[in-house]
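Let's take a walk through this fold together, one pairing and one packing at a time. Have the structure open and turn it as you read.

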Amino acid sequence: MDGWIRDLFYGDEHAAEKLSRVDSYWKSALHRPDARDDWYFLFDLDDISDLERDEFLAKLSTDVHATITTPNGYHVVTEPFNYTDWDPPVEYDDLDTGGQLFIDEIAGRVDTEYQQ
């Protein structure tokens with residue numbers, strides 16, 4: 001990034017475009033397997049009821065670290081376990097066993113109280 005800032009200072013028109021994509025580069029770097037500190041499973045449960053979610057959670061044979069509401073349902077983050085021997089009570093849409101880092105984005109906001 002230091003090079004991009006220097007390039008921007010000296011008029012390189014491509015440097016501003018690179019700097020505008022820093023958030024994308026950052027997320028990509030964090031999703032690499034070598035960025036993880038722990039290893040968890042992530043179940044993607046879409047289009048299920050709260051009752052079905054609760055049944056899914058009750059039947060898990062491992063510790064649950066988080067249940068996150070998504071636009072289409074829930075993400076359930078668990079300790080790894082032998083899921084091939086497990087009969088889930090609710091069909092899940094996807095299971096990520098790669099241990100990706102969960103990233104939550106906070107949208108930027110403008111504080112209008114102090115604008116002039």
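Two strands pair if DSSP finds at least two bridges between them. With that in mind, a good place to start in this predicted model is the hairpin that joins S2 to S3 through two residues. Strand S2 covers residues 64-70 and strand S3 covers residues 73-78; the two run antiparallel and are joined by six bridges. You can follow the ladder by eye: Thr-70 stands opposite Gly-73 in S3, and Ala-66 stands opposite Val-77 in S3.

From the hairpin, move on to S1. This strand pairs with S3 in the antiparallel sense, again over six bridges. One place to look is Leu-45, whose bridge partner in S3 is Tyr-74. S1 also pairs with S4, antiparallel as well, over three bridges. Here Asp-44 has Asp-94 in S4 as its bridge partner.

Put these pairings together and you have an open sheet of four strands in the order S2-S3-S1-S4, with antiparallel pairing. The edges are S2 and S4 (94-96), each of which pairs on one side only. From one strand to the next, the twist averages 15 degrees. Helix H4, residues 50-59, packs on this sheet and touches S1 (41-46), S2 and S3. The direction of H4 makes about 10 degrees with that of S3.

How many of the six residues of S1 are buried? Five are, so S1 is largely enclosed by the rest of the structure. The cut-off behind that word is a relative accessible area under 20%.

Now leave the sheet and turn to the helices at the start of the chain numbering. Two packed helices are described by the angle between their axes and the distance between the axes. For H1 (residues 2-9) and H2 (residues 13-20), the angle is about 140 degrees and the axes are 7 Å apart. That angle makes H1 oblique to H2, because angles over 145 degrees are the ones that count as roughly antiparallel. The crossing of H1 and H2 is left-handed.

Which residues make this contact? On the H1 side they are Trp-4, Ile-5, Asp-7 and Leu-8, and on the H2 side Ala-15, Ala-16, Lys-18 and Leu-19. Sorted by class, the contact of H1 with H2 has six nonpolar residues, two charged ones and no polar ones.

Note on methods: Residues are numbered from 1 along each chain as its sequence is written. This is a predicted model: local features need pLDDT of at least 70, side-chain atom pairs count only at pLDDT 80 or more; totals for chains, interfaces and linings use all residues. Side-chain values use heavy atoms; hydrogens and water are left out. Axes are lines fitted to C-alpha atoms, for helices over the stretch in contact, and angles run from 0 to 180 degrees between N-to-C directions. Angles under 35 degrees count as roughly parallel, over 145 as roughly antiparallel, 65 to 115 as roughly perpendicular and the rest as oblique. A crossing is left-handed if the near helix is turned anticlockwise from the far one by less than a right angle, and right-handed if clockwise. Contact means heavy atoms within 4.5 Å. Ala, Val, Leu, Ile, Met, Phe, Trp, Tyr, Cys and Pro count as nonpolar, Asp, Glu, Lys and Arg as charged, and the others, Gly among them, as polar. Buried means under 20% relative accessible area, exposed over 50%, partly exposed in between (1.4 Å probe, protein chains only).
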